[in-house]
Amino acid sequence: MRLSAWVWGMVFVLLAAAIAAPAVAQQIPPELMEKLRERGQSGLDSQDPAQALEESRLKRTGDDPYQTDLLNQLLDQERAALSTLEVIYNARLGFFEEEARRRRREREYQLEDLDRRERLLEQQMQRQQMLSQQQALSQSGSDRSRLSATPGAGTLTGSPERLRPQKRNREREQQLETEQVLAEFAEPEPLRQYGYDMLDYPKQFPGGLSGRLPDTYRLGIGDELVVTLYGNENSTLTLQVDREGRLVLPDLGPVSAAGRELGVVRSEVVQLVSEKLVGTEVLLSVGAPRLVSTYVLGDVTRPGQYELSSFADILDALSVAGGVKKTGSLRRIIVDDGTRRRSFDLYDILAGRQTDSLRLTDGMRIIVPPIGPTVAVAGAVVRPAIYELAPGTATPAAERMLAMAGGSVLARGSRMLVKRVSPAGGETVRYLSGAEARLQPSDILLLQLRSQATMGQFELAGAVYSPGIRSIDEYGFLSKALEGGQALKPDAYLPFALLKRKDPETLATVMRAVNLAAVLKGETDVRLRSWDELVVLNETAVDFMGSEPVKLTIDRPREPFGDCVSLDVLGKRVLESNPERFATIFLSAFTFPRPLDAEQQAKNVTCPDLFEDRPDLLAFALEYATAISGAVRQPGIYPFAYETSLAGTIAVAGGLSLNANRKLVELSLYDRKAGEGITVDRDKVDLTETDPESVAVSPGSSVRVTSLRSDQEPGTVLLTGEFERPGVYTIKRGETLLELIGRAGGLTSRAYPYGAVFTRESVRDQRRESLKRTAREMDTALTLAAIKGNVDGEALTAARRLSNTLSSADITGRMVVDAEPEVLARDPIANISLEPGDTLHMPRRPTTVQVAGDVLNPGSFRFRDGKSVRDYLKEAGGLQSTAEKGRIFVVKANGEATPVSMSIWSFREQTIPPGTTIVVPMDVTPIQYLEIAGTIADIFGNLALSVASVASVTN
């Protein structure tokens with residue numbers, strides 16, 4: 001029972017310390033909302049992530065009334081905008097099927113985009129929920145770590161960093177999205193009937209008069225003329241041709257006008273005025289033209305009778321009638337003026353073969369009959385469309401129809417195909433050639449390239465000054481394409497490049513490794529072929545090959561590290577391949593030192609665009625990787641196309657460092673023998689006796705340059721406090737504490753060696769890992785207890801508070817040492833050897849003793865030699881009624897903690913040096929409202945070791 005009380009006393013102390021500590025406010029990361037705003041998605045900039053998430057899900061299901069994008073509705077709208085004839089022709093060309101596939105791809109792209117945004121929004125909502133619950137728990141004294149037991153909370157660890165793309169990835173993502181939308185989702189135009197979109201008529205024709213009328217204009221009944229007299233007689237008269245066709249001039253008499261040309265009537269009026277009005281001149285012009293009544297009938301939008309200006313023509317009449325419907329003919333329009341009946345072809349005006357159309361006359365009738373036979377011209381032509389055949393043309397020439405479509409957009413290399421409906425209703429495709437090739441009604445004339453292949457070109461990519469397509473005729477060989485190295489950027493990596501080409505038999509893409517350094521030296525060369533692509537690596541890509549994300553992907557291919565396509569492909573290749581394929585990079589994962597936050601670095605990775613654009617390139621390059629470690633300036637993973645000398649291998653890694661041991665270079669050489677397998681030859685090379693140019697290193701090998709032994713430790717030791725010369729000191733191997741104190745000039749007269757604080761990094765790491773392991777064990781036990789249902793909420797909260805305190809405790813890594821020089825000189829065991837990163841603080845001699853815990857007046861009290869624990873407790877007012885007398889302990893200045901016996905049977909008083917802290921714990925047994933001891937005792941029964949380690953936290 002006393003042990004249980006001690007355990008729960010420690011729990012109570014830790015809980016009180018955690019509750020008293022200031023809570024660290026967690027804010028919603030602004031990068032999440034910034035990510036959404038940068039994507040420019042309307043409706044997702046809401047400050048409320050729940051509302052934005054609901055809007056995103058409405059868009060996903062198509063229920064949003066403002067963002068409806070259902071495929072069937074769009075296709076129905078597209079069909080409704082086309083005429084029956086256009087629908088038939090486009091269906092024969094497969095337009096609707098292709099459009100449906102395009103829109104499905106577009107919809108899939110939109111859903112993928114919504115998935116990304118919803119993950120961010122859900123992450124933000126979880127963070128907000130976590131923050132609010134933490135604040136509520138802080139106010140109520142509950143445990144904030146309870147969130148870890150809620151469903152889905154465990155997925156928060158590390159996910160914000162992995163979901164938050166870096167700046168370069170974000171810019172590249174936006175660029176790729178723009179290119180994808182422009183290229184893949186550009187809406188193609190369906191095939192339409194020719195001419196109807198050019199005759200997009202207004203609803204009303206103004207019929208106004210502007211400009212001077214020609215003298216050939218024939219006057220008619222209703223024309224309004226303006227007669228101006230000047231000279232002896234000055235007047236302006238507005239006269240109208242009457243119903244008898246006369247122009248009546250006051251004081252001059254009538255002049256016959258109807259049916260006569262304006263110029264003739266003007267000459268007659270001038271002659272009449274000159275004869276009867278001496279000294280008077282006359283001017284005559286048309287003020288307002290007469291209106292003519294015209295009937296527009298047949299396949300027009302608004303058939304009926306219209307009154308138009310006498311200057312209007314057939315096009316104007318069709319305009320007022322709303323234009324010709326797509327069921328009407330543009331080439332067989334009938335015009336009847338009462339005297340004769342003739343046919344009018346609008347194609348002649350649209351093609352520019354006829355510059356003027358027929359003038360309207362009073363009572364003229366314009367009749368638009370149904371459309372005649374048609375032929376479609378599609379493919380590589382200027383104006384792909386559906387054309388109506390001219391009257392009387394049953395089988396037009398293919399060349400004539402091609403000319404009507406504006407001709408070919410290709411100067412050469414094209415061919416004509418015709419899709420024709422057979423008598424049985426099926427459709428056949430035939431090749432047409434020659435000027436005598438004829439078409440039939442309903443045919444589709446297709447103009448295509450004879451071959452879709454692009455021959456005679458190759459491409460340069462990567463670390464080159466001008467990436468893009470080159471002509472094989474101009475270069476021919478890879479050496480000429482590199483232009484003596486002038487085409488390469490300064491950071492180009494020469495020992496390895498990728499040459500992608502098509503296999504001539506299977507047309508499959510094959511990859512080949514090329515050594516550009518050997519090509520530039522003239523040792524080898526490659527004849528280029530059509531469709532070749534040379535990818536030149538840069539330093540960034542090579543450094544990435546030896547990065548932590550790549551190593552972790554090789555080590556654990558099923559786990560995602562970073563948001564990179566190339567890493568995903570690499571993981572798949574590792575699972576699909578045998579272990580020998582990536583043996584070098586796999587071994588390097590354990591050869592090179594791994595940082596403690598390697599996994600966190602992997603999640604924040606920025607993958608090079610060179611690998612992201614070609615996801616298979618990373619796995620291919622790693623097959624040729626050579627690991628170079630040890631005393632070189634840039635150790636890492638370097639790919640080599642084929643065997644390279646040891647000198648070249650070391651040069652790629654920056655050369656030997658100053659501490660390199662030239663007498664010993666260790667080699668693990670891969671030897672691939674056809675039919676026999678792979679052997680690894682171990683070898684040692686003395687560079688002082690062997691020329692490194694004569695040693696061949698094959699791809700997949702490992703090179704380790706040993707270092708010269710040095711007594712100098714790589715780190716330093718910090719001395720602070722009461723030393724004659726405190727500061728940072730370098731140390732040599734095996735240097736002791738006494739030696740370092742001597743180098744610092746010894747201790748000052750005010751130093752207090754008994755209270756020296758010595759910390760060590762390795763001790764700190766061990767204790768931190770031990771506490772984390774204890775916290776994990778406690779979490780597991782608590783989870784099992786919660787499943788069994790034998791733990792109430794308050795007990796579970798207290799236990800989780802303890803577990804969280806263990807996992808987040810600030811560990812100092814303090815060691816109890818004796819820093820008195822005289823003692824160190826006498827005791828070799830106490831005179832410890834130093835390690836890099838050690839710190840030693842020498843305090844001044846204290847003059848007080850601390851009393852803490854369940855006393856009436858805790859505080860600091862003056863030290864006096866010979867005073868006992870009872871004396872200091874008496875000065876603190878004595879123990880409280882809730883104090884646990886049997887668990888009082890003291891913590892001395894050097895870090896040692898010892899229990900104190902307050903029993904009346906104890907006759908030996910403990911010596912209390914200055915700087916000591918006396919701790920009086922509380923007896924939690926009387927506190928009945930917690931009801932923890934009985935409900936959670938079974939959990940801590942199996943965790944005695946874990947609970948005992950709590951004492952280290954209070955140090």
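Two strands count as paired if DSSP finds at least two bridges between them; helices (H or I, at least four residues) and strands (E, at least two) are DSSP runs numbered from the N terminus. The model is predicted, so that local features need pLDDT of at least 70 and side-chain atom pairs count only at pLDDT 80 or more, whereas totals for chains, interfaces and linings use all residues. Residues are numbered from 1 along each chain as its sequence is written, and side-chain values use heavy atoms, with hydrogens and water left out.

**View 1. The five-stranded mixed sheet and helix H5.** An open sheet of five strands follows the order E12-E11-E15-E13-E14, with mixed pairing. Strand E12 (385-388) and strand E14 (427-432) are its edges, each pairing on one side only. Neighbouring strands are turned by 25 degrees against each other on average, direction ignored. Six bridges pair strand E13 (residues 414-421) with E14 in the antiparallel sense, and Val418 stands opposite Arg430 in E14. Helix H5 packs on this sheet, touching strand E11 (374-379), E12, E13, E14 and strand E15 (444-449); the direction of H5 makes about 45 degrees with that of E11. Contact here means heavy atoms within 4.5 Å; axes are lines fitted to C-alpha atoms, for helices over the stretch in contact, and angles run from 0 to 180 degrees between N-to-C directions.

**View 2. Helix H5 and the residue Gly94.** Helix H5 spans residues 84-92, and its buried residues are Glu86, Val87, Tyr89, Asn90 and Arg92. Buried denotes under 20% relative accessible area, exposed over 50%, and partly exposed in between (1.4 Å probe, protein chains only). Gly94 follows H5 and has a positive phi, near 75 degrees.

**View 3. The three-stranded antiparallel sheet and helix H9.** Three strands in the order E2-E1-E5 form an open sheet with antiparallel pairing. Its edge strands, strand E2 (235-240) and strand E5 (280-288), each pair on one side only. The twist from one strand to the next averages 20 degrees. Strand E1 (residues 224-231) is joined to E5 by eight bridges, and Leu225 stands opposite Val286 in E5. Helix H9 (residues 262-276) packs on the sheet and touches E1 and E5, its direction making about 150 degrees with that of E5.

**View 4. The largest nonpolar core and Leu570.** The largest nonpolar core (buried Ala, Val, Leu, Ile, Met, Phe, Trp, Tyr and Cys residues joined through side-chain atoms within 4.5 Å) has 50 residues, and Leu570, Leu618 and Leu646 have the most contacts inside it. Helix H21 (residues 615-623) supplies the largest share of this core, six residues.
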